[in-house]
Amino acid sequence: MESIILQLLNGLDKGSAYALIALGLTLIFGTLGVVNFAHGALFMMGAFIAVTLNMLFGISFEVEDPTRTDFLGNVMMVDTPYVVYWFGEGVGNWLIDWSVPISVVVAIPVMALIGIAMERGLIRFFYKRPHADQILVTFGLAIVLQEIIKAFYGANPIPTPAPEAFVGSFDVGQLLGFDPFAVMYPYWRLVYFFFAALIIGLVFAFLQFTTFGMVVRAGMADRETVGLLGIDIDKRFVTMFAIAAIVAGLAGVMYTPILSPNYHIGMDFLVLSFVVVVVGGMGSLPGAVAAGFLLGILQSFASMSWIIELIPGINQVVIYLVAIVILLTRPRGLMGRKGVMEE
Amino acid sequence: MSFSKVSRRGVMKTGAATGVALAAPTLFTGAVWADGHTGFTNAPGDSSVTLGFNVPQTGAYADEGADELRAYQLAVQHLNGEGDGGMLNTFSERNLDGTGILGRRVEFVTGDTQTNSDAARASARSMIERDGAIMITGGSSSGVAVAVQGLCQDAGVIFMAGLTHANDTTGKDRRANGFRHFFNTEMTGSALAPILEGLYGSDRRAYHLTADYNWGWSQERSIRTYTENLGWETVNSVLTPVGAGDFSSYLTPVANSGADVLILNHYGGDMVNSLTQAVQFGLRDMQANGKDFAVVVPLFSRLMAQGAGSAIANIHGSTNWHWSLPDEGSQAFTRSFGTAYGFPPSQAAHTCYVQTLLYADAVTRAGSFNPCAVVEALEGFEFDGLGNGPTLYRAEDHQCFKDVLVVRGKENPDNEYDLLEIVEVTARDQVTYAVDHPDFVEGQLGSCNPGA
Amino acid sequence: MLGLNAKDARLYIIVLVMLIFAPFFLNPFPETSGLAQFNAGYPDMMQRLVIFGLFAVGFNILFGLTGYLSFGHAAFLGVGSYAGVWMFKLLTMNVLPALIVSTIAAGLFSLLIGYISLRRSGIYFSILTLAFAQMCYSLAYSVLTPITGGETGLQLALDDPRIIGTQQTAEGNIPVPHLFGLPMNSNTTLDLGAWSFTFSVGYYFAAVIFALAFYFTIRLFRSPFGLMLRAVKSNQSRMSYTGLNARPYTLAAFVISGMFAGLAGGLMVSMDPLAGAERMLWTASGEVVLMTILGGVGTLIGPILGAGVITYLEAIVSTINSTILHEWFSGLPDGLENFMVNILYPFVGKGWHLTLGLVFMTVVIFLPGGIVEGGRRIYGLFSRKRRQSDATPPNAAAQPGPGE
């Protein structure tokens with residue numbers, strides 16, 4: 001039982017990441033009709049905002065420490081971060097420690113700008129072009145973005161730890177009446193899950209309860225009619241793109257303590273999130289979220305060792321297998337609409 | 001206009017009598033190598049010789065590849081008499097005097113393996129066919145090493161493996177034209193086991209997470225064999241997909257499995273992620289069966305340790321070489337590498353540098369670039385001064401036998417390079433295994449192939 | 001000629017000439033010049049150009065004619081490769097049985113996958129093929145290692161049975177793939193002054209196969225069957241209103257293009273007898289999509305050009321390192337030399353992916369129809385000028401380029 005609870009938590013955690021990425025992807029697709037292969041790159045850029053902030057806070061000046069020597073036998077240079085020098089030990093170290101949560105605040109405007117730049121600079125020229133062209137150009141963009149990141153940060157994963165306060169595990173089991181220490185789960189992963197739930201809730205509320213959201217939803221349902229009503233849906237596109245970029249970026253920022261980011265973290269998520277979107281049904285926001293959590297949970301359960309022993313290799317293919325079964329039984333995914341992307 | 005059957009670069013470089021190559025005898029007997037500068041693939045001309053450095057420049061191991069390339073450039077400089085000479089001054093053989101190889105200036109070409117067997121073979125082929133490389137070296141994974149080794153065997157050039165740790169490279173898939181300086185999982189097992197016994201005792205229950213590919217299986221088999229000999233019990237071993245990223249669903253069952261040791265048979269990004277996440281899940285600080293829970297990473301690397309950050313503290317593993325070794329050779333190499341690039345070399349850089357020197361030396365001793373001559377010179381070759389103590393290139397399987405390091409992640413590293421400390425230098429005798437060891441017995445070297 | 005109309009015959013002859021004289025014009029730079037780096041006339045490169053050309057041409061039969069975008073075609077290439085290597089291991093090193101079995105194996109496999117995937121269309125079809133291919137890759141890399149060789153790839157061993165022909169050479173090595181005794185890896189070199197040209201048996205063998213397959217493709221494009229496939233692309237529902245069932249046609253196209261991929265895989269292992277699992281990865285499937293789109297979807301010549309450009313970029317740009325850059329600009333003053341090297345360095349060697357990404361973007365943004373479209377525009381530009389000077393009324397629609 002404990003192991004089932006744990007795998008459920010793992011699944012919800014994985015699912016949060018899938019759902020957040022898929023949400024942005026399907027938002028862009030549903031409103032703009034663009035298949036964005038660079039969406040994984042947005043996730044990656046978000047992660048690297050956290051890395052950058054962590055590095056910026058860590059920028060140091062060097063002081064010679066005559067008592068120690070470095071690997072070449074020269075006098076050792078000891079680093080003191082500028083933030084510690086400027087703000088004193090307490091605040092300085094707090095900034096360094098809390099760099100990931102602080103990055104969330106930084107990432108919102110930065111990702112919005114990146115999203116706007118991407119939409120205005122490139123994507124808007126592709127609204128009327130075939131999906132194949134959109135895929136190709138955004139794929140090219142994704143490669144360029146990740147190569148730029150690689151040129152600056154190298155290819156190895158970069159550790160970006162969560163604040164000290166979130167290190168360690170929470171005894172989830174005791175809440176549910178298990179023995180102490182039976183179901184321990186790291187604080188940060190729980191934080192990630194609730195953070196994802198919050199973001200998903202905000203996006204839905206925004207679409208549900210604002211006029212802007214109403215127009216966008218109408219545009220997703222029937223673009224032509226909205227256009228005939230004299231509403232310039234195109235103007236809302238850039239906002240939607242920025243929102244999608246922010247969602248992807250925040251998913252990336254918060255994921256860094258879980259997975260040390262490297263330059264192709266976005267590509268690794270891209271294929272999976274496409275599968276998620278399609279399983280959920282192209283253009284369906286609830287579908288994307290539901291499929292994200294569903295696939296995350298299934299993937300976790302398929303990794304249990306007795307299941308792997310039963311069906312060798314199932315942990316590697318479960319997502320694809322589920323995708324095939326769902327697409328064959330439900331032609332447009334879980335919640336897809338007719339006629340979307342079927343040509 | 002002339003037609004000939006050897007590769008065109010070789011033809012150009014041998015200069016005048018291009019057509020003669022066709023008629024030259026291709027079968028050599030005894031030690032007549034010195035006369036033979038034709039009759040093998042890519043025979044170099046009189047002025048220069050081209051080596052092919054095939055390293056991962058893109059993909060997950062790009063940083064290791066970059067470090068390998070730095071080491072190769074350093075080796076080339078030293079062979080050509082530039083720089084401070086590095087390990088040329090500490091190498092027990094004094095044949096290399098900074099005048100290139102056999103009086104020919106060393107030039108090199110580079111390729112990108114992408115850590116992908118197909119891409120690695122394509123880039124090796126292009127170096128052999130287009131650039132006339134006489135020797136191929138490098139790589140940061142066993143799959144690539146085995147694939148390129150097979151290619152070099154067929155093409156008739158020497159392959160000096162870079163970082164490759166699976167047993168198969170000099171076991172099941174060994175080839176006469178291929179040589180490995182790096183250690184292997186069997187050696188890791190025999191070096192690590194006594195240390196683990198000293199640290200954790202002989203009554204332990206181990207849980208393995210293993211990367212689901214050749215190297216992972218090889219590593220798990222070796223560690224299992226040795227720890228089970230100690231009296232450890234293997235509770236479970238779970239295969240994880242390569243590049244899984246999030247290992248949570250493999251790590252959560254560990255805590256309640258009754259195990260008290262977690263062995264992570266992972267490398268590269270997998271190792272960084274699984275180790276960091278294992279620490280996040282509190283495994284390192286846990287108590288199980290009344291003992292402190294322990295995490296072991298059999299193959300440690302400084303570049304990976306950097307990615308795992310503070311998670312490496314007090315984690316034990318093995319490594320081929322570390323820059324803090326006090327011997328003269330290691331010091332000389334670390335000094336010239338550090339001076340040139342500003343940070344200490346990795347184990348991948350070390351093995352690549354040494355392989356280049358060993359090749360150059362073998363050619364010099366054989367008096368010929370003919371692959372068969374080089375093979376003869378390297379087989380059973382004893383040397384010292386290259387950082388791992390007295391070393392033997394065993395004739396039967398082309399594997400180097402030397403000391404193996406057991407290291408531990410530092411708790412409070414002084415700087416970003418000083419992450420590992422050496423716990424034990426396991427003597428060569430202890431890690432030497434029999435030629436007919438069951439994990440290696442399947443392979444056959446075949447015979448050396450000089451190509452053309 | 002051969003049942004082709006004049007335009008197609010002209011195109012076919014151009015392609016034949018390109019194939020025959022490839023060793024010459026892929027090596028335009030003298031050996032000794034710094035530009036020799038850009039020469040592509042070595043056997044491995046020429047073979048890859050032809051093989052990926054074949055792969056892309058086959059892919060275009062499905063994507064270009066029917067509009068079904070398969071994201072899993074690399075799986076068929078992989079299946080073909082594995083089948084080919086198994087023939088080398090079990091039967092003989094002769095390449096013909098290997099090629100035949102590769103093609104058939106990939107054909108059967110694509111029949112299975114196509115039968116299931118073609119129940120859906122649009123992106124749902126793409127994701128189904130992607131899912132199948134990713135499953136093939138994951139399993140080949142891990143669980144199926146006894147059949148596929150796993151991470152290392154499936155390779156030959158000395159003790160393979162090879163029941164027909166030699167098991168080992170006299171020297172105790174693994175024999176090389178051959179065509180009735182003619183080894184695939186043997187070359188002949190022709191030296192002409194500073195130039196030297198390599199004629200590889202493997203390349204010409206692959207070129208002959210390619211020529212046959214390309215002839216088949218032209219005939220297919222012009223056949224009633226080809227017309228039917230285009231009908232699927234332009235309006236499938238209208239087609240079904242006329243009482244025609246599109247499924248058998250698309251399935252046939254899917255299987256044919258799968259067989260092309262299998263044949264390409266078989267050729268690949270005939271040139272280099274190792275089959276790695278990575279060639280089934282989704283990026284490999286993506287690459288053939290990119291090749292086709294880059295060259296020009298639905299055109300005859302487009303996929304060949306696209307395959308050529310990408311294969312060339314990958315092989316040549318990735319091998320340029322800083323030493324070579326310094327050599328190129330060694331004539332310049334020091335400061336300028338370093339400046340040029342620093343500017344170019346991020347785009348070559350380990351940065352070649354960046355170049356690739358930029359090329360994709362540039363082509364897609366400015367040349368929506370791919371390279372063929374570019375050629376057409378240039379052609380249109382010149383022919384318009386000429387016509388204007390001849391005082392004939394300008395023809396707004398450009399002349400159709402070769403292939404369409």
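With 343 residues, chain A would be expected to have a radius of gyration near 20 Å if it were a compact globule, and its value of 22 Å agrees with that; the radius of gyration is taken over C-alpha atoms, and the globule rule is 2.2 Å times the number of residues to the power 0.38. This is a predicted model, in which local features need pLDDT of at least 70 and side-chain atom pairs count only at pLDDT 80 or more, while totals for chains, interfaces and linings use all residues. Residues are numbered from 1 along each chain as its sequence is written, and chains are lettered from A and ligands numbered from 1 in the order in which they are written.

**Chains A and C**

For chain C, with 404 residues, a compact globule would have a radius of gyration near 22 Å, and the computed 23 Å agrees. The table sets out further values for these two chains. In it, helices (H or I, at least four residues) and strands (E, at least two) are DSSP runs, numbered from the N terminus. A residue is buried if 20 or more other C-beta atoms lie within 10 Å of its own, exposed if 12 or fewer, and partly exposed in between, with C-beta atoms placed from the backbone.

| Chain | Helices and strands | Span of the C-alpha trace along principal axes | Buried residues |
|---|---|---|---|
| Chain A | 14 helices, 4 strands | about 75 × 50 × 35 Å | 53% of 343 residues |
| Chain C | 16 helices, 6 strands | about 75 × 70 × 40 Å | 54% of 404 residues |

Two residues are in contact if their C-beta atoms, placed from the backbone, lie within 7 Å. Among contacts in chain A between residues at least 6 apart in sequence, 75% join residues at least 24 apart, and for chain C the corresponding share is 72%.

One residue of chain C illustrates such a link. C:V85 is found in helix 3 (residues 74-90) of chain C, and it counts as buried because it has 28 C-beta neighbours inside 10 Å. Although C:V85 and C:S270 are 185 residues apart in sequence, their C-alpha atoms are 8.2 Å apart in space. Leaving aside residues up to four places away in sequence, C:V85 touches C:L154, C:V269, C:P273 and C:A275.

**Where the chains meet**

Chain C brings 33 residues into contact with 31 residues of chain A. On the side of chain C that touches chain A, helix 5 (122-141), helix 11 (282-295) and helix 15 (352-366) each supply at least two residues, and helix 5 of chain C gives the most, with 10 residues. By class, this side of chain C has 23 nonpolar, 8 polar and 2 charged residues, where Ala, Val, Leu, Ile, Met, Phe, Trp, Tyr, Cys and Pro count as nonpolar, Asp, Glu, Lys and Arg as charged, and the others, Gly among them, as polar.

Between chain B and chain C, 43 residues of chain B are in contact with 41 residues of chain C. Helix 4 of chain B provides the largest share of the side of chain B that touches chain C, namely 7 residues, and the residues of this side divide into 13 nonpolar, 19 polar and 11 charged.

**A core and the domains of chain B**

A nonpolar core is a set of buried Ala, Val, Leu, Ile, Met, Phe, Trp, Tyr and Cys residues joined through C-beta atoms within 7 Å. The largest one has 384 residues, and those with the most contacts inside it are A:V275, B:L275 and C:F55. Because domain 1 (8-183 + 324-397) and domain 2 (186-319 + 417-431) of chain B both give residues to this core, it lies between them; the domain bounds come from an automatic or database domain assignment. In soluble globular proteins, nonpolar side chains tend to be buried together. Not counting residues up to four places away in sequence, A:V275 touches A:I319, A:Y320, A:A323, C:I127 and C:A131.

The centres of domain 1 and domain 2 of chain B, taken over C-alpha atoms, are separated by 32 Å, and the contact takes 19 residues from domain 1 and 16 residues from domain 2. Helix 3 (62-79) and helix 5 of chain B are the elements that give two or more residues to the side of domain 1 that touches domain 2.

Helix 5 of chain B is mostly covered, since 14 of its 14 residues are buried. At 1.5 Å a residue, its 14 residues should span 20 Å, and its end C-alpha atoms are 20 Å apart, which agrees; the expected span is 1.5 Å times one less than the number of residues. Just after helix 5 of chain B, B:G156 takes a positive phi of about 85 degrees.
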